[in-house]
Amino acid sequence: MPPKTKPEAHLQEVTNRVVSLPAVVLVHRKAFSTGYSFSQLPFLAQLQIWDDIWKQTGSYWVRLQAFFFLEQYVRKTEYHQLIWKTSLSWQEDVNDWSLCDALAKVNTKVLETHTADVYQQLTKWNNSNNLWKRRQSVVSLLYFSRTKKAYLPSEKIKALIHPLLTDPEYYVQKVVGWALRELHTVYPADALPFLKKHIKQIHSIAFTIAMEKMTAEEKEILKSLRKK
């Protein structure tokens, strides 16, 4: 047999590391932190390796290791453009909510520094036939708002939430509720009128999540409106 090429060797190294680990994200994160044979290479060289690994494998746990790499470097804004380009490519392979939301964690940080480019792409995903792209278009807006240093104007956020209020997909409705909850955290004075205006359109799944951090009085107002 011919010798393995370098990309195949890198994939094998990562696969060997994660294959015997329990299905616990914290355990896999710790495994990543111990480093690989290529972990001391410059950022660009590592990025190419992880990009190759992501595209060669269909394994969720191997891809999660690749995400940990992006997560590690997203703190450095000078790498944001390359991280965004990579995340954009990886989104094409996403087929579950966990990796979708993992990429959103880096997307939402790049949104702060490359706002126009990222928001334009989120707008395109918002109209996609792919449910994971529609989910990404909303979850990247605020992610967990406490992790962000800057926010889009509320109108831009609501502009992407509104088209998905009646989306038929469960995993989209979950994130619509998430985004509405975080919108209320950041812009409570804008979120409540929006919820009242569209009270009949909001899916029950999204409605329940949207109210999670509200006061008892706010919840009662919205529930009363919904009953009417």
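The lining of the second largest pocket splits evenly into three nonpolar, three polar and three charged residues; here Ala, Val, Leu, Ile, Met, Phe, Trp, Tyr, Cys and Pro count as nonpolar, Asp, Glu, Lys and Arg as charged, and the others, Gly among them, as polar. Helix 3 (43–56) and helix 5 (80–90) are the elements that give two or more residues to this lining, and helix 3 gives the most, with five. Among the lining residues are Leu44, Asp51, Lys85 and Ser89.

This is a predicted model, in which local features need pLDDT of at least 70, side-chain atom pairs count only at pLDDT 80 or more, and totals for chains, interfaces and linings use all residues. Residues are numbered from 1 along each chain as its sequence is written, and side-chain values use heavy atoms, leaving out hydrogens and water.

Here are the two pockets together.

| Pocket | Volume | Lining |
|---|---|---|
| Largest | About 360 Å³ | 12 nonpolar, one polar, six charged |
| Second largest | About 160 Å³ | three nonpolar, three polar, three charged |

A pocket is an open set of points on a 1 Å grid over the protein atoms alone, where a 1.4 Å probe fits, with protein on both sides within 12 Å along at least five of seven lines; lining residues have an atom within 4 Å of a point. A volume is the space filled by probe spheres set on the points, which are joined across faces, edges and corners.

Helices 2 (25–33), 4 (60–73), 6 (97–113) and 10 (170–186) each supply at least two residues to the lining of the largest pocket; helices are DSSP runs (H or I, at least four residues), numbered from the N terminus.
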